[in-house]
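Dear colleague,

Here is the structure I promised to pass on, together with some notes on its core and its aromatic side chains. Please read the notes with the model open beside you.

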Amino acid sequence: QVQLVESGGGLVQPGGSLRLSCAASGSIFSINRMGWYRQAPGKQRELVATTITGGSTNYADSVKGRFTISRDNAKNMVYLQMNSVKPEDTAVYYCKADGYVAALIPFGSWGQGTQVTVSS
């Protein structure tokens, strides 16, 4: 019952920048991990970047050096700064959060996705 809402997607030119945001709401005790995944037409959903409590991050090789994930724990938000975007980045981007709604009661929630299209 934790809900995630993404924003910031849209059309961007190759080499440009885009910033995605995701806000979590609902009955949340704690969020231990937040991340971004993407799915292009005809392909499986893949990890883009994740971050856990404490600041550790993990990036797909294809986006290292170009994308940056950040998190605002106080606001239950996560961001994805996308720089130097390429046409291959075109996909539906999904926000993911994992944590607990109460002690010993975990949750894993997905947002509905936001379309990112990189084209001239």
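A residue is called buried when its relative accessible area is under 20%, exposed when it is over 50%, and partly exposed in between. Please keep in mind that this is a predicted model. By that rule W110, at 36% relative accessibility, counts as partly exposed, whereas Y94, at 14%, counts as buried.

These two residues also meet each other: the ring centres of Y94 and W110 are 6.5 Å apart and the planes stand at 85°, so the pair is edge-to-face. Because Y94 belongs to strand β9 and W110 to strand β10 (residues 105–110), the pair ties together parts that are 16 residues apart in sequence. The count of aromatic pairs comes to 2, and Y37, Y94 and W110 form one aromatic cluster.

W110 has a charged partner as well, since the charged end of R45 sits over its ring, 4.7 Å from the centre. Elsewhere, R19 lies over the face of Y79, at 4.4 Å from the ring centre.

As for the interior, the largest nonpolar core has 29 residues, and those with the most contacts inside it are L20, W36, V48, F67, L80, M82 and Y93. Among the elements that give two or more residues to this core are β3 (18–25), β4 (30–39), β8 (77–82) and β9 (91–102). If you would like one residue to start from, M82 touches G16, S17, L18, L20, R66, F67, Y93 and V116, leaving aside residues up to four places away in sequence.

With best wishes

Technical notes
Residues are numbered from 1 along each chain as its sequence is written. This is a predicted model: local features need pLDDT of at least 70, side-chain atom pairs count only at pLDDT 80 or more; totals for chains, interfaces and linings use all residues. Side-chain values use heavy atoms; hydrogens and water are left out. A nonpolar core is a set of buried Ala, Val, Leu, Ile, Met, Phe, Trp, Tyr and Cys residues joined through side-chain atoms within 4.5 Å. Buried means under 20% relative accessible area, exposed over 50%, partly exposed in between (1.4 Å probe, protein chains only). Helices (H or I, at least four residues) and strands (E, at least two) are DSSP runs, numbered from the N terminus. Contact means heavy atoms within 4.5 Å. Rings of Phe, Tyr and Trp (its six-membered ring) pair if their centres lie within 6.5 Å; planes under 30 degrees apart count as stacked, over 60 as edge-to-face and the rest as tilted. A charge sits over a ring if NZ of Lys or CZ of Arg is within 6 Å of the ring centre and within 35 degrees of the ring normal.
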